[in-house]
Amino acid sequence: MKGFLRRLLMKLIAGLVMVWVVATFTFVLVHSLPGNPGDIEYDRLIMQGTPPEIAQAKAAVVAGFTSHEPLLQQYFGYLGQLLHGNLGVSISYSGVPVADVIASAAPWTVLPVLSGLVVSFIIGVAGGVIAAVKRSTRWGGLLTLSGSLMAGIPSFVLALLLAFLFHTLWQILPYGDTSDVTLTPGFNGPYIGSVITHAVLPVSTYALLTYGGWLLTMKSSVVSVLGDDFILAAELRGISPVTRMRYIARNAILPLFTVLAISVGYMFGGSVLIEDIFDYPGLGNLLLHSIGRRDYPLMGGAFLLITVAIILANILAELLYSVIDPRVRRA
Amino acid sequence: MSTLAAARARRSPWRVTRRVLLRKPGRVIGLAIIVFFTLMAIAGPMLYPGQLAVDPDNIYASPSGAHWLGTDFAGSDVLQEVIVGARYVLLTAAISALVTAALGTTIGLVAGYHRGFTDSSLMRVTDFVLTIPGFPLLVVLSTIWNFGRPLEMGLVLGVTGWGGVARAVRSQTLSLRERGFLEAARGLGLSNTHIIVRELLPNIAPYVAMNLLLSVIGFIGAEVALFFLGVVPFTSSNWGVMLNEAVFAGGAINSPQALSYLLAPLVCILLLTLGIVLFLDAIDELFNPRLRERS
Amino acid sequence: MNRHTWVTAPVAALAVTAMLAACSTDNKAADGGAVYTTISGTNPITAGAPMNPFNASGNYFLGYNTMQLGFDKLNPADPNDFFPGLAKSWTATPTSLTVQLQDKAKWSDGSDVTPDDVKTSLAIALTQGSATVGAGFLTQGLDVGAVKTVDAHTVEIDQAVGGKNINFTRLVLKQTIVPTKVYGSLVPADIWDTIAASQGSDATAAQAAIDKLNATGKTISAFAPQTDVSAGPFVLTRVNPGSAVLDRNKYFYDLPKISPKQVVLRHYSGNEQIWGYMKNGELDSAPYTSIPTNVLDEILKAGNKRVDSLHYVNAAIAFNESVAPYDKTAVRQALAYVIDRKAVTKVGEPVGGTASTHLTGMIEQATANWLTPDQVNALNPYEPDTAKAETLLKGVGFTKNGDQWMLPDGKPWTITLQTVNGFSDWIAASTVIANELTSFGIPTKPALTADFATYKTEMAAGKYAVGFWLTALGPQASAAYQRLYGADNGFSMRGATVAHVSGKGSGNWQNTPETYTVGGNTVKVGELTAQLSALAPADQKPIIQQLAIATNQELPVIPIWDYTSVQFTNDKRFTNFPQQGQDALLNNPPGVWMMQGYVQGKQ
Amino acid sequence: MTETIQQTDRPVDQPVEVSVSDLTVVYRTDLGELPAVSRASIDLVPGQITGLVGESGSGKSTLALAMLNAVPSPGRISSGSITVTGLGDVTKLAGRKLRHARGGTLGYVFQASQNSLNPLKTIGKQLLDLGRAHDVRDLRALVRRAAQLISEVGLDPDRVLDSYQHELSGGMRQRIGIVLALVLNARVLILDEPTTALDVLSQAAVLDIVRRVHRDSGLTTLIVTHDLGVVSEIADRLVVMYGGPNPEEGPATAVLHEPSHPYTRALIGAMARIVGDISAARVLPGRPPDLTTVPRQGCVFRDRCPLAMPVCAEEEPELVQWTPGRRRACHVEPTGVLS
Amino acid sequence: MIEARNITRTYRSHGAITGARVVPALRGVSFSLPKGGAVSFIGESGCGKTTLGKILTGIETFDGGELVVDGVELSGLSARRRAPYFRRIQMIHQDPYSALNPTRTIEQTLEDPLRMRARETGGDRKAVEARAAELLELVGLSPEGVLGKYPHQLSGGQRQRVVIARALTVDPEVLIADEAVSMIDVSMRLGILSLLRDLRTRLGISLVFITHDVATARYIGEDGELHVIYRGSVIESGPTDTIIQTPVHPYTQCLLSAIPIMRGLELPGPQRLVPIGSLDERTEDTGCLFAPRCPFATDECEVAQPALTPWDPTHQHACLHAEPRQVAAMEIALSQ
């Protein structure tokens, strides 16, 4: 237990260092963007048909939220705020704290991503086991091929295909939006049902995106465990097939925790495209919004949060690993 | 001495390749698809030099004899556009794959071979590259630098995408490092360059090749996605631009008229992915002499 | 127990709970009646943004829950022509405006709308960037000096000392009126002293005051009210990620006219979603979106009715005249002859665009309004005519080498036509223009800038020689000519005189000459344009005519198409929509239609 | 022959616990099905330790697995039978019956002692899995029995049952392997290369344990190894395998003292020993045959045989008894081999 | 040729709980290897004998003691200056499967170091090819049959011969064989061993033979020295035959007792000895290291670690209760 905590602490410190590096990187990145939020706001309003004088006044307010301090001062200010868990205030949201904006968007990314991950994990792992056990048959081959293909297909191609097939062609699933607008949000059946049906396409996209990774990793892992002597030994001791399958699954699943971390990162990265296509008001969309409006603090915050999610996923994966693997746990 | 082993030793690499390829029909299909698109990328722009003809009176025409895949928003032929657009997509993917291979292999090899401080500092950099979410980074970068041209796009994708290869190469190098033949080579006094280039590299080549083909798929996805999202300005039409136009300007999701314009590039990407995936199987066996011999 | 189940079960439970928690838990449903579904053309729903009209991403909806004293009819002849809003009527003097509030004007909590609310609102307006203007050439400041309560329903708004702004009435009427009880606490008690100081002659004190106002403005725009208190026909009940729901305000002053029980404004992130809604017949009306013809067919098939109205914007090709050969009038004219504007429009804006015919720098409708028929007939329409273009080019020393035009210095002439990423109509149009110019013998390549922010920055830095540009902004001719002969062309108002700058960093990227010679007369475009903004419409006419004719001859820009506002209405659930021709109404959101007695539920 | 050597031959009427007869196991390869074991016949006698010796590729491990009807894919038993007292023909068993036979009647100790245990479970939990798989009602009794066995093999039961595989040394793991094979009261113990991965002290300890439990529990034991030394240390009978069929079998001491087959003799001659004349050791030429190189016709050993005759290339020698309790398959006369 | 004095090597393992743990792998090992001579080290796995091999070939460093090669003390030299000395000492690995690069043919494997050698001595391409063939013949392989092949096409014995040939490319003076035959098929082992013996007699190459199998050590270096290592220190050393016939240290006696008896050919030694328990690294280092397992241990064994003391002029041991015992097997005379 002491070793576990110690390891956890080390991981967290390494994670914090990474957060600092990423925060600095983000800061530099974001401040090298051309254009300023005031101009953008002005042109946005003009294109909406707002009269120039009103547009100019409004743009001036937005521009008022931009900092004109020297970069280095801004950087230390930013780091200081970060230490207090403060991500600054948004420009395009006229001074609303970035943390609040992100907090309202995060569930729409985190939950579909997690649900997708859980679904793909179950299907992918099960598929991987089948593909490994039946690897010399046609079905096993096809299953493996499906995994490779899914792992290869670009996320937006998948999203578009799903949208086209299920929405445009067969018209069985809604596309865009998070729920049916006519329903009142809350703990009521129709609304929850609506949220779920609206989540089907994005969640399926997330799920299909990582399905291949799980399947391929699980397959190769199961194949290698199947070749492990202790499985044959268990068979020769007359251990029942179900127990043997549990032995295989538990041993084979270990390497998947590295994939888990990668998947989370990949999915959060992919959320930009998927949320754009399915019009989900999550972090990816927020990032695009902030880039379009040159909302530096928001952009930095969203980017940082996505990165922190990846770092956390990495830490979590390693911890899970050490919980499951006694060789690490008792080391 | 087994006569069988001797017979195998006499086989030329070409015959081995052919044998490996022909073992599963999928591999041949995969190779055919890759060759097909490569030819398209090389010859496409020559087939249709200059700008594609526009025809304001024939916008979003349905597939017909004159236009096999219909026309786009300006009345240009979709088939021609797909063919011309292939070069950009493949050239960029090839460049980024090269950059990734060079960077990833070098960094992974050096880190794994030298260990110690070199290793840990290189691996911190690699961790960083792997942690930064790739696609959002590209989106942000695209507003700073208009990397629309193939070389630039390839460089950007390659420079942000080498982490996975470096890590794979490093772990492979670390495990090879413990193998007797490397200790022997060092014991014989062979130079580090010799050891890395002659002894390590050939053993790592299969991993690099596999990773590379996989990353090519990823790169195609990423570049097309950037155009699809419309964050990268383009100098000429390509598959991503077509998708963007089809969805956001052509209403292909809502109107069947622009459908062929949407599906043409989509199907191309799918086919190419399928081709590479099918072919990967053969690469694995080709580069791995033991796998080849076993069956 | 299977290993997977214990992992998944909590996660799934967590997912559902958190997804629900992420949404508002308000359970109040509409109490029957028809629901009016539409989208807000100016405010897509922004999840997480406050219900605050002063927030740049705020969820506020003009004409529904957000009220003004009046609603602009966009009448080019009379800028002060407004539909009544919270103001039942008003009388203007050159220095003040007296507003009679609606008798029954009430907030959605049942309290009266008072002159004090107007006073608070105008004070807030002055913190929202308005106070910093005045330095700007283009904008006429909302220079409110004092707000006086005359009686419970009458309020007098005075201009600052010495102010004689002809747009004063219109600016005041357009301000958003918010309740003092919600926003009052954010406004410092001494705000009017600060306002007075900001308008004073002491420059240091004025600047300090302006800084103070800006600080207040920032607090206000970041403010997130708990609930919506509206004086409009609707009040915002909740904002979902995908929609905003507004219920009828039972205290609205003209309640009988409001037919829908509820308005649902749907979210969108791109045009294609709005098309989707319309194609499914989900919207009762939809404001203007750019639409391709194939989608238009689908939308009409779904039972939507197309209603066109004027849109005061034009898409044009602009030049940087400091770059040869675009400094030559003949060159620009030649290009105008080569570009087939009708063909370009057909590809670029097949539905929402009308090819420009008279090239005056204003939209066609405005040209017809301001110019006499004779003058209109005398304008050069630049019908596509490559022969004329060739003559013009040869006249200024261009030569043709085979298929390729050579510059007077003998080098080949090529054009990079700059457009902006994401502006699909410009991009589509640029491919056609490039095709036309290339086949004429000027190899042309469209080039894209990453986004509009960069485009503006780079254009102002003089990086593009030829590029797309929006012109003819707003119904007033002054705004249209400000776009051509204003800050982008180096002209700025310094007190009463007009100054002109050029060169790097000056913001002047058009670099036209300061004067044109038209029919032997010298036309000082910058000065004339500056005069427009201070003149009553009737007095503007001769100046506009001069500018129009000069622009038609010199072509600082080549207008390609006028945008048309193509709106859709659907009478499945509601009838009595404004019809084609009712531009004044159509230019306002459906909430204003309803206030004027339009839009009735079907029985 | 000298009198110092005990003749521990099996009387004809002695009962047989396991009888492998005419067993052929084939592997499917690109070149068709190739035999890994061809027409092998071995009898295991209760109370005896039988040693099965052969080089890699001789098919000895395949034979051991076949006794549990567990030939791994792509191999299969193509003909022959393996009859075990109380179970019948193992090759005909399937499903639950087969599973209960494995571990129940037939205890198997795995080749790679390092890896025969699930790395993620404690030994105790694996013991319980084993008990449940065999429908043991009284799991407490099973644990008691295991604890007793663990003490018998010289380990601390409390510590071992609570340990993971990685916390035990190679020798300890192999002893656990033996315990798990015997805990369900198996009558037949099959040890496949039980000491290959162990160093000399652990090997001695494990062999000692095998000898002891074999005697104490009255087992029928088969020990499969490539190391002649291991066999000669503990086996009562010796079966030599080479490229499929076995060239020679008989009482261990007799076979070692007086090998009747050129292969056995060469194998003994190629041993480095700590006594005797070093210069008498003789290198065995050639390399052991594998699936693809094993000759289809004639004597399998003829390419490496110093005594090969023309007939060896044409006719496969039959396995015949030449003296009571000893069988051999060779065209050369037994006396010719020793001289 | 090689003179090792008091070589020590300590590893630091980074335990998560206890922090760094110091694990001594070698605790002062001394020996000398004359030109053309043979030295064997025997011991259980984990006793430090592999570390010793790696130190002797320069793959591992040592942290105490002196290593003298050809009269030059190496620990004072820079890595670059040390290299030529270490090149005279070549290692034959335990695992012939991993000791050869699977992607290179035997020809390439042999010619790389030969070419490097040729650059130094001025040989040409022909000489390199000729030498490669010569070396293969020397190790008993036919060049035509082997040169063009990849390692996976060869048997374990053939590979090990190639490994030996590769070591010979740089004309070494010493070969270190670390369990060189333990992974090779029984019938092929003797071939490799006799090849190594041959190299000693024909080329005058010295041998360091590291094994847990006393019999192979005897075959290779009957006339050489035998050192028995227990947990990093030599506890008995002397002429190979002497140690086998009259071991005086209980551990050596245990090792010899553990060798299986070839019944029918041999009789067990009358005083076979079995150690108590198994090797446990975690026991305290005070006193005799073998004491916890020693059947003859007394209280005084727990106090101090006995030093290596002579039994007779050629034979040394580190035990307070040294006593010769007849533990090795005895041969039965064949009756013919």
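Two chains are in contact where heavy atoms lie within 4.5 Å. By this criterion, eight pairs of chains touch in the predicted model. Chains A and C share the most contacts among these pairs.

Other pairs stay apart. No contact joins chain C and chain D. The closest C-alpha atoms of chains C and D lie 14 Å apart. Chain C does not touch chain E either. For chains C and E, the nearest C-alpha atoms are 28 Å apart.

Chain D was examined as a whole. Its secondary structure comprises 12 helices and 12 strands. The radius of gyration of chain D is 20 Å, and the globule rule gives a close value of 20 Å for 339 residues, so chain D is as compact as a globular protein of that length. The C-alpha trace of chain D spans about 65 × 45 × 40 Å along its principal axes.

Burial and contact order complete this description. Of the 339 residues in chain D, 60% are buried. Contacts in chain D were also sorted by sequence separation. Among those between residues at least 6 apart in sequence, 64% join residues at least 24 apart. The exposed surface of chain D amounts to about 12,900 Å². Carbon and sulfur atoms supply 50% of that surface.

Chain D contains an open sheet of eight strands. The strand order is β6-β7-β8-β3-β9-β10-β12-β11, and the pairing is mixed. Strands β6 (106–109) and β11 (320–323) of chain D stand at the edges. Each has a single partner strand, so one side of each is left without a neighbour in the sheet. From one strand to the next, the twist averages 20 degrees.

One pairing within this order is that of β7 with β8. Strand β7 of chain D covers residues 188–192, and strand β8 of chain D covers residues 220–225. These two strands run parallel and are joined by five bridges. In this pairing, D:V188 stands opposite D:T220 of β8(D).

Chain C provides an antiparallel pairing. Strand β5 of chain C (residues 87–92) is joined to strand β6 of chain C (residues 96–101) by five bridges. A hairpin of three residues connects β5(C) to β6(C). Across this pairing, C:W90 stands opposite C:V99 in β6(C). In a regular strand, side chains alternate between the two faces of the sheet.

Notes: Residues are numbered from 1 along each chain as its sequence is written. Chains are lettered from A and ligands numbered from 1 in the order in which they are written. This is a predicted model: local features need pLDDT of at least 70, side-chain atom pairs count only at pLDDT 80 or more; totals for chains, interfaces and linings use all residues. Side-chain values use heavy atoms; hydrogens and water are left out. Two strands pair if DSSP finds at least two bridges between them. Helices (H or I, at least four residues) and strands (E, at least two) are DSSP runs, numbered from the N terminus. Axes are lines fitted to C-alpha atoms, for helices over the stretch in contact, and angles run from 0 to 180 degrees between N-to-C directions. The radius of gyration is taken over C-alpha atoms; the globule rule is 2.2 Å times the number of residues to the power 0.38. Buried means under 20% relative accessible area, exposed over 50%, partly exposed in between (1.4 Å probe, protein chains only). Accessible areas come from the Shrake-Rupley method with a 1.4 Å probe; for residues, only the protein chains shown count as cover.
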